[in-house]
Amino acid sequence: MENQFRQYPLEEDILGALDALGYTQPTEIQAAVIPSILNGRDIIAKSKTGSGKTAAFAIPICNFADWEQNTAQALVLEPTRELAFQVKDELYAIGRFKRLKVPVLYGGFPMEKQILTLKQKTHIVVGTPGRVLDHCKRGTLDLSKVRYVVIDEADLMLDMGFIEDVRNILMHLEGKPVFMLFSATMGERLEALAAQFMHEPLEVKIENDT
Ligand code: ADP
Ligand code: MG
């Protein structure tokens, strides 16, 4: 049977990468958000661990990214280094035929080496809030061309005390990027963050595993 991801207007390079990954059918959360993200709508998505949230944002982001533009076109914020690397692997796998470069910025790693990496090829940046903000302040990460922003595991970000860093990073963005917020739960402070930066977000809640 034909890969069900072909129902979306995705590049052949992306569809081929999904075939290679064995992703033949969108999960429930992916089916709920991918068309909206492709249309440039902000989204708030609540769903369980293991429901396929990473590919839900990675597919539209990799589809959008242009290899010829050597600059951060999307920014993905993760609460921990481990999650940042997992997400990088998925972006890399989905963007492999486009040869997308996905530097990971996290604390505790030499700043100079990250700066060198950023100066080579950069298409999609994944990072933890403290270090990403540090690069913004030093002027070593240019966010002016970022069109897609993901706040992943937002409830964890809040629990770990990263929400103000996230807010400060978002203040460095220019224009009207597409905002995506993924969380297991929402609460007053996340609602306030969403209200500050998002425009009529589509709110999706998936209860069951797929
Ligand atoms: P979440 O972020 O919601 O916790 P992940 O994005 O880590 O979930 O995905 C969980 C697992 O499902 C991963 O191993 C991923 O490779 C797999 N996966 C994601 N989307 C699909 C799909 N459409 N088809 C098959 N497997 C998928
Ligand atoms: Mg996840």
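Trainee: Is the crossing of α2 and α3 left-handed or right-handed?

Mentor: This is a predicted model, in which local features need pLDDT of at least 70 and side-chain atom pairs count only at pLDDT 80 or more, while totals for chains, interfaces and linings use all residues. Residues are numbered from 1 along each chain as its sequence is written, with chains lettered from A and ligands numbered from 1 in the order written. A crossing is left-handed if the near helix is turned anticlockwise from the far one by less than a right angle, right-handed if clockwise. For α2 and α3 (DSSP runs of H or I, at least four residues, numbered from the N terminus) the crossing is right-handed.

Trainee: How are α2 and α3 oriented to each other?

Mentor: The axes of α2 (residues 28–38) and α3, lines fitted to C-alpha atoms over the stretch in contact, come within 9 Å and cross at roughly 25°. Angles between N-to-C directions run from 0 to 180 degrees, and those under 35 count as roughly parallel. The two helices, α2 and α3, are therefore roughly parallel.

Trainee: How many residues of the contact of α2 with α3 are nonpolar?

Mentor: Contact requires C-beta atoms, placed from the backbone, within 7 Å; α2 contributes residues including Ile29 and Val33, and α3 residues including Phe57 and Ile59. Ala, Val, Leu, Ile, Met, Phe, Trp, Tyr, Cys and Pro count as nonpolar, Asp, Glu, Lys and Arg as charged, the others as polar. The contact of α2 with α3 has one polar and one charged residue, and the nonpolar ones number ten.

Trainee: Which helix gives the most to the shell around ligand 1?

Mentor: Among the residues surrounding ligand 1 are Tyr23, Lys53, Thr54 and Ala55, a residue being near if its C-beta atom, placed from the backbone, lies within 6 Å. By class, that shell has three nonpolar, eight polar and one charged residues. The most, three residues, comes from helix α3.

Definitions and conventions. Parallel < 35°, antiparallel > 145°, perpendicular 65-115°, else oblique. Contact = placed C-beta atoms within 7 Å.
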